[in-house]
Amino acid sequence: MEWFQKWDKVLDDSDAPFYKWFVGGKTNIVHNAIDRHLKTHRKNKLALIWVGEPGDSRTFSYFALNREVSKFANVLKSMGVKKGDIVTIYLPRLPEQMIAMLACAKIGAAHSVVYGGFSVEALAERIEDAQSRVLVTADGGWLRGKIIALKDIADEAMARQPTVETCIVVKRTGQDIYMEAGRDYWYEDLMSLPIAGPICETEPTDAEDMLFILYTSGTTGRPKGVIHTHGGYMVFTYTTLKYVFDVKDEDRWWCAADPGWITGHSYIVYAPLINGVTSFMYEGAPTHPYPNRWWQMIENHGITILYTAPTAIRGLMRFGDSWPNRHNLGSLRLLGTVGEPINPEAWKWYYTVIGQERCPIMDTWWQTETGGFMITPLPITPLKPGSATRPFFGIDVDVVDDESQPVPTGEEGYLVVKTPWPGMLRAVYKDPDRYREQYWDKFKTMYQTGDSARKDEDGYVWVIGRMDDVIKVSGYRLGTAEVESALVSHPDVSEAAAIGLPHELKGNAIHAYVILRAGVEGDENLAETLRDHVGHEMGPIAKPETITVVDTLPKTRSGKIMRRLLKARALGLPEGDVSTLEE
Ligand code: WT7
């Protein structure tokens with residue numbers, strides 16, 4: 001990696017927990033992701049192979065990617081975007097998602113990517129928090145043979161949050177959409193104007209300048225904007241990908257996540273490019289038109305490393321071995337998993353049927369907040385199915401009790417990180433108190449992950465799951481509070497509680513309990529209406545599995561809903577300590 005100016009100090013902990021890395025250093029992550037390669041043999045190497053769900057395909061060499069990114073960076077500049085601004089990007093899985101992110105970073109602006117599966121209120125509150133003046137979206141995207149009408153959702157979100165002055169629309173599906181004169185512009189039109197010149201200098205940034213914010217669910221209230229910066233994030237994502245997946249020049253790397261989540265930010269966009277790897281990206285559903293879609297693409301494109309989530313593996317496993325067995329998966333040499341603990345059946349299937357007992361599985365534990373892999377094997381590490389094994393170089397984790405004391409081997413406790421690392425979040429956007437409270441108040445000098453775990457006699461870490469009100473649904477992170485506020489935004493609902501319960505495919509599923517407003521009769525259509533309402537506000541992934549109408553919710557005397565109790569009752573487990581209950 002290249003720096004424009006070397007740092008004076010690697011770690012500044014004088015204002016802990018607001019740690020700073022590579023203080024005084026000047027760089028720009030895009031310089032290392034793109035510019036640097038243009039001086040080498042990688043100039044004409046493929047940076048990205050993209051396949052659309054209908055079967056269309058586009059490829060970009062590093063040279064071509066640089067041209068697109070530079071052109072779009074110039075477009076953004078002409079719209080007045082500058083350092084300190086946050087551009088909201090709400091796109092399907094298209095090359096333009098990556099191009100828009102890199103264009104922001106190139107000119108020193110920050111991006112806030114909102115997952116294309118989120119809906120109106122989720123998008124609106126993220127635009128509002130970031131005060132974005134520019135929004136990049138698309139007319140639609142393909143999923144399971146259908147069009148997801150992103151622009152309609154964006155229009156409704158912009159009506160709720162009028163901070164957006166310019167909306168840039170990528171043409172993907174070509175159906176008729178509403179375009180507001182003076183606000184909405186086609187991406188393709190702008191890219192053909194003289195303002196979209198092909199040369200754009202990469203802006204030198206301080207190591208600690210904000211690269212992006214990414215909103216993620218927490219214990220309470222609204223999603224929090226996790227801040228990552230140019231220098232530390234660049235070093236950490238580059239290093240973790242390099243060593244954990246041992247990436248080589250001839251690899252074809254496929255991280256099957258969405259760039260709208262941290263997995264995609266780190267391991268579709270930044271780390272593969274910094275490593276000079278060829279990445280593969282696919283727009284649509286794994287089962288479209290048939291459940292062999294992924295295996296066919298691995299064969300066709302000679303994918304060497306596949307990195308995905310347990311939920312996707314379980315989803316494909318249920319169609320049986322004959323689908324993957326029809327394809328030559330001999331190009332694969334390594335596999336990876338992330339997002340939730342992987343169950344032994346899914347691990348075994350992934351290992352034997354997909355990896356043909358040749359490919360070690362890198363089970364990587366990390367979070368939006370950590371920027372990159374934290375607990376993970378290397379290709380040479382002896383594996384134990386279901387364990388992310390041991391911490392990465394320089395990462396110091398432990399499992400402790402409420403008094404910050406390590407728990408005995410084999411016992412469950414809080415998973416903590418004992419020392420800062422370069423890829424760590426720097427803060428919560430506009431909310432330093434929340435940063436302290438969420439991550440540092442409980443264990444003071446140790447970072448609180450929110451997960452529970454245990455360590456075995458070999459020092460291997462077994463992550464059990466979230467201990468807070470975060471639910472991992474199909475590997476996606478959602479907060480009970482967000483689902484509840486979507487429910488109570490419906491006029492018929494006065495109170496709501498959401499919990500996560502185990503689900504065979506999704507890992508966890510959301511179940512909701514609602515109290516209706518006086519005078520409202522709950523008929524059989526109501527639950528469906530409310531599920532659709534949550535889908536419309538938050539996105540399909542947040543739709544509760546079941547909605548139960550109740551007269552009361554168990555609460556503590558201070559008025560907090562006891563979700564733990566709801567969960568215990570739903571699972572038929574002992575209710576535990578109910579001394580604070582006031583039903
Ligand atoms: C939470 C973070 C950053 C990757 C995508 C998720 C769970 C993540 C594993 C794993 C067991 C895992 C944890 C964590 N998790 N990877 N390999 N084994 N659990 O990022 O959305 O911020 O969610 O995902 O519960 O806290 P995220």
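**Close-up views of a predicted model**

**View 1. Helices α7 and α8 pack against each other at an angle of about 80°.** In this predicted model, α7 covers residues 230-244 and α8 covers residues 262-274. Their axes lie 9 Å apart. An angle from 65 to 115 degrees counts as roughly perpendicular, so α7 is roughly perpendicular to α8. From α7, the contact draws on Tyr233, Met234, Thr237, Tyr238, Thr240 and Leu241. From α8, it draws on Ile262, His265, Ser266, Tyr267, Tyr270, Ala271, Pro272 and Ile274. By class, 10 residues of this contact are nonpolar and four are polar. No charged residue takes part in the contact of α7 with α8.

**View 2. The ligand has 17 residues around it.** Asp363, Thr364, Thr368, Lys472 and Arg477 come nearest. The shell around the ligand holds six nonpolar, five polar and six charged residues. Two elements, α8 and β24 (461-466), each supply at least two residues of this shell. Helix α8 is also the partner of α7 in View 1.

**View 3. Asp363, Thr364 and Lys472 place polar atoms close to nitrogen or oxygen atoms of the ligand.** Asp363 has a polar side-chain atom 2.7 Å from a ligand nitrogen atom. At Thr364, a polar backbone atom lies 2.8 Å from a nitrogen atom of the ligand. Lys472 brings a polar side-chain atom to 2.7 Å from an oxygen atom of the ligand. On its own, the ligand has 560 Å² of accessible area, and the protein covers 97% of that area.

**View 4. A cis peptide bond links Ala16 to Pro17.** Omega is about 5° at this bond. Pro17 sits in the loop between β1 and β2. Strand β1 spans 9-12, and strand β2 spans 20-23.

**View 5. A cis peptide bond also joins His288 and Pro289.** Here omega is about -5°. Pro289 belongs to the loop that runs between β17 (278-282) and α9 (293-301).

**View 6. Arg144 has a positive phi.** The value is about 55°, although Arg144 is not a glycine. Arg144 lies in the loop between two strands, β9 and β10. Strand β9 comprises 141-143, and strand β10 comprises 146-148.

Note on methods. Residues are numbered from 1 along each chain as its sequence is written. This is a predicted model: local features need pLDDT of at least 70, side-chain atom pairs count only at pLDDT 80 or more; totals for chains, interfaces and linings use all residues. Side-chain values use heavy atoms; hydrogens and water are left out. Axes are lines fitted to C-alpha atoms, for helices over the stretch in contact, and angles run from 0 to 180 degrees between N-to-C directions. Helices (H or I, at least four residues) and strands (E, at least two) are DSSP runs, numbered from the N terminus. Angles under 35 degrees count as roughly parallel, over 145 as roughly antiparallel, 65 to 115 as roughly perpendicular and the rest as oblique. Contact means heavy atoms within 4.5 Å. Ala, Val, Leu, Ile, Met, Phe, Trp, Tyr, Cys and Pro count as nonpolar, Asp, Glu, Lys and Arg as charged, and the others, Gly among them, as polar. A residue is near a molecule or strand if one of its heavy atoms lies within 4 Å of it. A polar contact is a pair of N or O atoms within 3.5 Å; within protein, one must be able to donate a hydrogen and the other to accept it, and residues adjacent in sequence count only if both atoms are side-chain atoms. Accessible areas come from the Shrake-Rupley method with a 1.4 Å probe; for residues, only the protein chains shown count as cover.
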